[in-house]
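Good morning, and thank you for joining this session. I would like to take you through one structure, region by region.

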Amino acid sequence: MQYTKIKASTGEIIEWMSFSELVDIELNNSEDFPLIEGHASPTAYYLDGEFVERPTFALTVDKSSITADGHDVITISGLPDGACQVMLWGAVVDSWEQEGDIQLTANLPGNYQLRISQWPYQDQEVSFDAT
């Protein structure tokens, strides 16, 4: 039987599991991380007793490239207010209480690929070049 383990406080999907024995289900189930029968989509979360798709937000970027001089600014808009985490090439580079736009500069040339994460929204990705 297929199960989805969630974080009870947020509805966030932790992992998917498959069990054939009742004892395995009992050993892996807890109040903080309950098992819910079924296999949920990776873009879903558990809300009010059912799996629903996590909401999305539409990011806009004011330009696709900037000068890598530490002064030219790129502005990312369209984030909902609240705690936000920014990842560059898979590593967390910043985390803050977001209100409004994100403005970034670059000192080194290259292609910058950012992932913006804000629960319960689905992660969004943007990229830009610094030359």
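Which backbone nitrogen does the side chain of Thr4 reach at 3.2 Å? The partner is the backbone nitrogen of Ala40. Before I go further, a word on the source: this is a predicted model, in which local features need pLDDT of at least 70 and side-chain atom pairs count only at pLDDT 80 or more, while totals for chains, interfaces and linings use all residues. Residues are numbered from 1 along each chain as its sequence is written, and side-chain values use heavy atoms, with hydrogens and water left out.

Let me stay with Thr4. This residue belongs to strand β1, residues 2-6; strands here are DSSP runs of E, at least two residues long, numbered from the N terminus. The Thr4 side chain also reaches the backbone oxygen of Gly38, at 2.8 Å. Thr4 is buried, its relative accessible area being 0%. By buried I mean under 20% relative accessible area, by exposed over 50%, and by partly exposed in between, with a 1.4 Å probe and protein chains only. Beyond its neighbours within four places in sequence, Thr4 is in contact (heavy atoms within 4.5 Å) with ten residues' worth of surroundings that include Ile13, Trp16, Leu35 and Phe51.I turn next to Ser117, in strand β12, residues 110-117. Is Ser117 buried or exposed? Ser117 counts as buried, because its relative accessibility is 17%. Its side chain makes a polar contact with the side chain of Asp123, at 3.0 Å. A polar contact is a pair of N or O atoms within 3.5 Å; within protein, one must be able to donate a hydrogen and the other to accept it, and residues adjacent in sequence count only if both atoms are side-chain atoms.

Both residues recur at the largest pocket, whose volume is about 260 Å³. Among its 14 lining residues, those closest to the centre are Glu12, Arg54, Ser117, Trp119 and Asp123. A pocket, on a 1 Å grid over the protein atoms alone, is an open set of points where a 1.4 Å probe fits, with protein on both sides within 12 Å along at least five of seven lines; lining residues have an atom within 4 Å of a point. Grid points are joined across faces, edges and corners, and the volume is the space filled by probe spheres set on them. The largest share of the lining, three residues, comes from β9.

From β12 the chain continues to β13. A hairpin of six linking residues joins these two strands, which pair in the antiparallel sense over seven bridges; strands pair if DSSP finds at least two bridges between them. Leu114 stands opposite Val126 in β13. In the loop between the two strands is Pro120, and the peptide bond from Trp119 to Pro120 is cis, with omega near 5 degrees.

Along β13, Gln124, Val126, Phe128 and Ala130 point to one face and are buried, while Glu125, Ser127 and Asp129 point to the other and are not. β13 also pairs with β7, residues 65-66, in the parallel sense over two bridges, and Ser65 has Asp129 as its bridge partner.

Finally, Asp48 lies in the loop between β4 and β5. Its phi is near 50 degrees, a positive value in a residue other than glycine, and Asp48 is exposed, with a relative accessible area of 75%.
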